[in-house]
Amino acid sequence: MAMATDDFFRARLDGMVDPRHPLAVLGRRMPWSQIEASLAPLFARKARMGKSREDADMFGPTLVVAAGGVSRAGRPRLPIRLMVALLYLKHAFNESDESVVERWSENVVWQLFSGMEYYQSKLPCDATQLGRFRRVLGEAGVEQLLKTTIEAAVAMKAVKPVELERVTVDTTVQEKAIAHPTDSRLLEVARAKIARLAKRAGLKLKMTHEREGQSLRRRAGGYAHAKQFKR
């Protein structure tokens with residue numbers, strides 16, 4: 001009698017990864033069903049009100065509602081566990097949205113942690129989908145994920161409850177001095193580069209407009225701050 005099997009032609013991840021690996025252990029101890037149940041309402045398809053219109057049948061005119069209810073159009077959403085795992089891996093390993101999906105397709109441990117049964121070499125999703133997932137998740141969803149992760153760490157005895165009684169906040173972080181690419185700044189940068197290239201090429205310019213360029217840039221910044229854009 002033939003025995004049922006999942007798939008002869010693909011390698012199972014649980015046979016490729018050391019079960020003692022920290023991510024493998026965490027993947028087994030995380031309450032994924034609880035996380036999915038708490039986040040599912042945020043990603044459920046919303047019912048539409050629809051539009052009322054008059055129709056006629058053999059019994060006379062009737063009022064029907066068109067385009068109402070839950071739409072089944074579009075492709076299904078990706079598994080919540082997969083998206084949550086990608087967010088966790090992104091922050092745990094300091095990756096960007098693009099790099100985390102690329103590394104995921106090459107890392108069997110990450111795929112096992114995300115709930116996959118078989119190895120797959122393709123990307124789990126497009127990098128832009130992580131950004132949309134975070135926006136839908138919102139602040140409340142992130143707090144729920146943090147709470148669940150801390151509870152799992154306490155249950156695994158990786159963190160002692162006494163260590164969570166006190167929070168240390170670093171107040172020395174300062175904002176970066178970011179130079180925004182405004183039109184006036186870009187024009188001044190272009191002027192300075194042209195003057196520098198001309199000097200390097202041995203061309204003697206009659207005027208470089210260095211002082212005038214800096215003055216105009218300061219005036220343009222003042223006008224923009226005062227919302228006098230026409231000036």
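A residue counts as partly exposed when its relative accessible area falls between the buried range, under 20%, and the exposed range, over 50%. His209 has a relative accessible area of 39%, so it is partly exposed. The model described here is predicted.

The protein chain has 231 residues, and buried residues make up 24% of them. Its secondary structure comes to eight helices and four strands. Along the sequence, the elements follow the pattern α-α-β-β-β-β-α-α-α-α-α-α. Two helices thus come before the four strands, and six helices come after them.

The largest nonpolar core holds 32 residues. Within this core, Leu39 and Val84 touch the most other members. Six elements are listed as giving two or more residues to the core: helix H1 (22-29), helix H2 (32-43), helix H3 (80-92), H4, H5 and helix H6 (127-155). The most comes from H3, which gives eight residues. In soluble globular proteins, nonpolar side chains tend to be buried together.

Nonpolar residues also appear at the surface. Leu146, Ile150 and Leu164 make a nonpolar surface patch of about 250 Å². Leu146 is found in helix H6, an element that also gives residues to the core. The relative accessible area of Leu146 is 53%, so this residue is exposed.

Charged residues form a patch of their own. Glu98, Glu102, Glu106 and Asp126 form a negative surface patch. Glu106 sits in the loop between helix H4 (97-104) and helix H5 (108-113). With a relative accessible area of 64%, Glu106 is exposed.

The structure holds seven salt bridges. One of them joins the side chains of Asp97 and Lys90, at 3.2 Å from N to O. Both partners are buried. Asp97 has a relative accessibility of 13%, and Lys90 has one of 14%. Each value is under 20%, which is why each residue counts as buried. Lys90 falls within the range of helix H3 (80-92), and Asp97 within that of helix H4 (97-104).

A salt bridge also links Glu95 with Arg103. The closest N and O atoms of this pair are 2.5 Å apart. Here the partners fall into separate classes. Glu95 counts as buried, at 16% relative accessibility. Arg103 is partly exposed, with a relative accessible area of 33%. The value for Glu95 is under 20%, whereas that for Arg103 lies between 20% and 50%; therefore the two are classed apart.

Asp14 and Arg12 provide another example. Their side chains meet in a salt bridge of 3.1 Å, N to O. Asp14 is partly exposed, with a relative accessible area of 46%. Arg12 is also partly exposed, at 31%. Arg12 and Asp14 belong to a network of salt bridges that includes Glu117.

The backbone has some positive phi values. Most residues other than glycine have a negative phi. Phi of His209 is near 60°, a positive value in a residue other than glycine. His209 lies in the loop between helix H7 (183-200) and H8. As given above, its relative accessible area is 39%. Lys227 is not a glycine either, and its phi is positive, at about 60°. Lys227 is placed in the segment after H8. The relative accessible area of Lys227 is 65%, so Lys227 is exposed.

Helix H8 (residues 210-225) contains Ala220. Ala220 has a relative accessible area of 28% and is partly exposed. Along the chain, Ala220 and Thr182 are 38 residues apart. Their C-alpha atoms are separated by 9.8 Å.

Technical notes:
Residues are numbered from 1 along each chain as its sequence is written. This is a predicted model: local features need pLDDT of at least 70, side-chain atom pairs count only at pLDDT 80 or more; totals for chains, interfaces and linings use all residues. Side-chain values use heavy atoms; hydrogens and water are left out. Patches are made of residues with over 30% relative accessible area and no salt bridge: like charges are joined within 9 Å, nonpolar side chains (Val, Leu, Ile, Met, Phe, Trp, Tyr) within 5 Å. Accessible areas come from the Shrake-Rupley method with a 1.4 Å probe; for residues, only the protein chains shown count as cover. A salt bridge is a side-chain nitrogen of Lys or Arg within 4 Å of a carboxyl oxygen of Asp or Glu. Lys and Arg count as positive and Asp and Glu as negative; His and the chain ends are not counted. The place of a charge is taken as NZ of Lys, CZ of Arg, CG of Asp or CD of Glu. Buried means under 20% relative accessible area, exposed over 50%, partly exposed in between (1.4 Å probe, protein chains only). A nonpolar core is a set of buried Ala, Val, Leu, Ile, Met, Phe, Trp, Tyr and Cys residues joined through side-chain atoms within 4.5 Å.
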